[in-house]
Amino acid sequence: MKSKGKFYMTTAIAYTSGKPHIGNTYEIVLADAIARFKRQEGYDVYFQTGTDEHGQKIQEKAEAAGITPKEHVDRIAGEVKRIWDMMNASYDGFVRTTDEDHEKQVQKIFKKLYDKGDIYKGAYEGMYCTPCESFWTESQLSDGKCPDCGREVKPAKEEAYFFKMSKYADRLIEHINAHPEFIQPVSRKNEMMNNFLLPGLQDLCVSRTSFRWGIPVDFDPKHVVYVWLDALTNYITKIGYDADGDFGALFQKNWPADLHLIGKDIIRFHTIYWPIFLMALDLPLPRQVFGHPWLLQGSGKMSKSKGNVLYADELVEFFGVDAVRYFVLHEMPFDNDGIITWELMVERMNSDLANTLGNLVNRTISMSNKYFGGVVKDGGVSDAADADLKAVVTGTAAKVQEKMDGLRVADAMTEIFNLFKRCNKYIDETTPWILAKDEASLPRLETVLYNLVESICIGASLLKSFMPETAEKILEQLCAEEVSFEELGTFGHYKSGGKVTEKPEILFARLDLNEILKKVEERYPSAEETGEETKEEAGIDIEQKAEITFDDFMKMQFQVGEIIECKAVEKSKKLLCSQVKIGSQVKQIVSGIRKHYAPEDMVGKKVMVLVNLKPAKLAGTLSEGMLLCAEDENGELALLVPEKDMPSGAEIC
């Protein structure tokens with residue numbers, strides 16, 4: 001296959017504070033699926049990942065454990081690599097920010113930017129968040145806490161070097177406006193422009209003196225290079241960038257990056273700080289930065305401190321590598337957060353993997369063996385059902401490619417499984433078991449089974465980027481070769497007269513939810529079972545309102561609504577204006593929740609709505625209902641959402 005050119009892509013480098021959970025692991029699986037698909041298309045892919053190993057938080061963790069920071073990061077980096085390899089991540093380069101060549105180049109980059117006048121020495125006084133390793137002004141805090149993670153901040157003052165961000169801000173704004181594909185999804189671009197770039201950038205602190213675990217500034221050794229200038233430059237140092245201009249062959253071939261794949265929580269650093277650093281270094285900017293959503297445990301972001309963390313190796317033990325890959329790729333929307341639970345995993349395992357795919361392969365091979373001794377031959381007898389099957393099968397590759405070009409990986413997988421569903425429907429339409437009863441129908445039966453084997457081969461070839469082990473097993477059982485990408489749009493690659501395996505392997509066994517949940521409880525006993533002390537939630541007492549009658553209650557109409565659009569109300573710092581689909585209607589609802597939810601995070605949510613509230617104007621904007629929220633004693637709000645996925649318009653009673 002002739003190469004379509006280079007494709008350099010990266011993940012964010014995993015922070016080595018602790019073992020990565022499934023939410024962290026989702027990113028490497030997503031990146032791997034994209035990289036594999038690009039290779040399948042014919043691109044010369046270089047796929048890089050790695051670990052971010054410096055900072056105050058790591059120094060403190062190491063001190064608490066009684067080991068050196070290097071010992072700590074060596075252990076965690078090894079764990080990261082083990083999990084990435086377990087998930088079949090096909091990366092080409094793994095960078096560690098403690099690598100000697102990386103540290104040397106960071107020092108040279110810092111000196112180059114200092115000599116250029118883009119970095120200067122000053123002093124910093126502000127509120128500091130240790131987990132995020134970020135300084136904040138009082139005005140940037142959210143209820144006195146870090147606006148990124150919500151944790152406590154402490155006042156800090158120290159001598160520091162700063163980078164002149166504002167010098168390049170206008171140039172970056174021009175670039176973003178001229179390249180609409182640069183920041184994806186679009187909601188992330190709007191957030192960066194409206195919340196950070198257009199209001200004006202402050203100079204960025206790029207060194208610290210209050211801890212030692214970092215790369216020393218070689219001309220001022222009491223300073224260490226601050227995390228983002230150190231971490232972000234991995235994308236160029238690992239592939240051979242040299243601040244003196246002696247670039248390696250890998251850098252000359254691959255830069256600029258075609259795709260930086262990162263979590264939405266670090267989009268600011270990759271779409272503002274990183275492009276500006278590159279401008280200062282006179283380097284071209286990456287072609288695209290994609291800020292993917294989070295994978296949530298139940299209904300909340302995974303956090304070790306919350307105790308709601310799932311790990312990839314534990315899930316693999318229950319379900320297998322490819323089932324976990326399937327779930328995290330298929331269940332993650334393009335720009336809204338996805339949810340993972342044990343119940344959802346079992347449901348997908350049984351419905352999609354065991355039934356739709358596994359049963360299809362098993363039935364097809366079993367029928368080929370039962371009726372023709374495993375020989376698969378085109379009998380040359382066709383009817384209308386064949387044409388429709390072939391149209392779906394040969395049209396799938398183009399649909400998958402279109403989705404992957406837009407990084408809509410979940411949608412691409414849906415297209416592949418639509419192919420498998422069409423094959424199952426074809427079995428029902430053609431009824432092979434009935435054809436087998438009439439000798440005169442055997443040529444037709446041969447054709448049916450040939451069409452099924454060929455269709456599954458094409459489907460498995462497309463599946464290989466997403467579930468590589470499963471695709472390989474399917475092709476092995478069919479005794480077939482992978483269909484090349486150029487030929488996926490045509491039918492008839494399986495050699496007529498070929499023979500499938502005698503005993504098909506069960507690809508995915510159906511699971512009993514109760515048994516899985518029982519094993520989960522045994523694996524993760526509650527605090528009561530382990531004898532650990534638990535803290536009973538105190539709850540909140542609020543002032544009681546006057547009693548109402550049942551008739552009063554029945555006057556209120558509550559329904560499930562789906563937010564299809566949301567934006568900030570210009571005249572207010574508190575209000576969001578949402579377009580909420582309720583059945584066949586769309587109502588405009590204004591809510592005072594801007595401090596708690598970003599507009600782009602609202603879209604796609606299913607919410608509980610008081611529908612028949614009398615319309616009123618808030619800050620000059622008409623509101624036609626009310627979104628229901630819960631509020632704690634600190635004023636934190638949480639939208640009330642249905643426990644299960646319910647259709648828009650469903651009555652709440």
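**Exercise 1. The nonpolar cores**

Which residues of the largest nonpolar core touch the most other members? Work from the predicted model.

*Solution.* Step 1: take the largest nonpolar core, which holds 102 residues. Step 2: look for the members with the most contacts to other members; they are Phe 319 and Phe 466. Step 3: list the contacts of Phe 466, leaving aside neighbours within four places in sequence. They are Ala 33, Phe 37, Arg 325, Leu 329, Met 404, Val 409, Ala 412, Met 413 and Ile 416. Step 4: note that there is a second, separate core of 66 residues, with Phe 110, Ile 266, Trp 274 and Leu 281 among them.

**Exercise 2. The open sheet**

Find the order of the four strands in the open sheet, and explain why strand 6 and strand 9 each have one side without a neighbour.

*Solution.* Step 1: the order is 6-5-7-9, with antiparallel pairing. Step 2: strand 6 (134–136) and strand 9 (204–205) lie at the edges and have a single partner strand each, so one side of each has no neighbour in the sheet. Step 3: follow strand 9 to its partner. Strand 7 (residues 154–163) is joined to strand 9 by two bridges, and the two run antiparallel. Phe 162 has Cys 205 in strand 9 as its bridge partner. Step 4: add the helix that packs on the sheet. Helix 10 (residues 267–280) touches strand 6, strand 7 and strand 9, and the direction of helix 10 makes about 30° with that of strand 7.

**Exercise 3. The cavity**

Identify the residues that line the largest cavity, and state which helix gives the most to the lining.

*Solution.* Step 1: search the whole structure for cavities of 30 Å³ or more; one is found. Step 2: the volume of the largest cavity is about 40 Å³. Step 3: its lining consists of Phe 319, Ala 323, Tyr 326, Phe 327, Met 345, Arg 348, Met 349 and Leu 353. Step 4: assign the lining to helices. Helix 12 (321–330) and helix 13 (342–372) supply at least two residues each. Helix 13 gives the most, with four residues. Step 5: compare with Exercise 1, where Phe 319 appeared as a core residue; Phe 319 is also in this lining.

**Exercise 4. Helix 18**

Determine which helices the buried residues of helix 18 pack against.

*Solution.* Step 1: in helix 18 (residues 468–477), the buried residues are Pro 468, Thr 470, Ala 471, Ile 474, Leu 475 and Gln 477; buried here means under 20% relative accessible area. Step 2: these residues pack against helix 1 (22–41), helix 12, helix 13 and helix 17 (442–463). Step 3: look just past the helix, where Cys 479 takes a positive phi of about 55°.

Key:
Residues numbered from 1 in each chain as written. Predicted model: local features only at pLDDT ≥ 70, side-chain atom pairs only at ≥ 80, totals over all residues. Heavy atoms only, no water. Core = buried A, V, L, I, M, F, W, Y, C linked by side-chain atoms within 4.5 Å. Buried < 20%, exposed > 50% of the residue type's maximum accessible area, 1.4 Å probe, protein only. Contact = heavy atoms within 4.5 Å. Pairing = 2+ DSSP bridges. Axes fitted to C-alpha atoms, helices over the stretch in contact; angles between N-to-C directions. 1 Å grid on protein atoms, 1.4 Å probe; cavity = no way out; pocket = protein on both sides within 12 Å on 5 of 7 lines; lining within 4 Å. Points joined across faces, edges and corners; volume = space filled by probe spheres on them.
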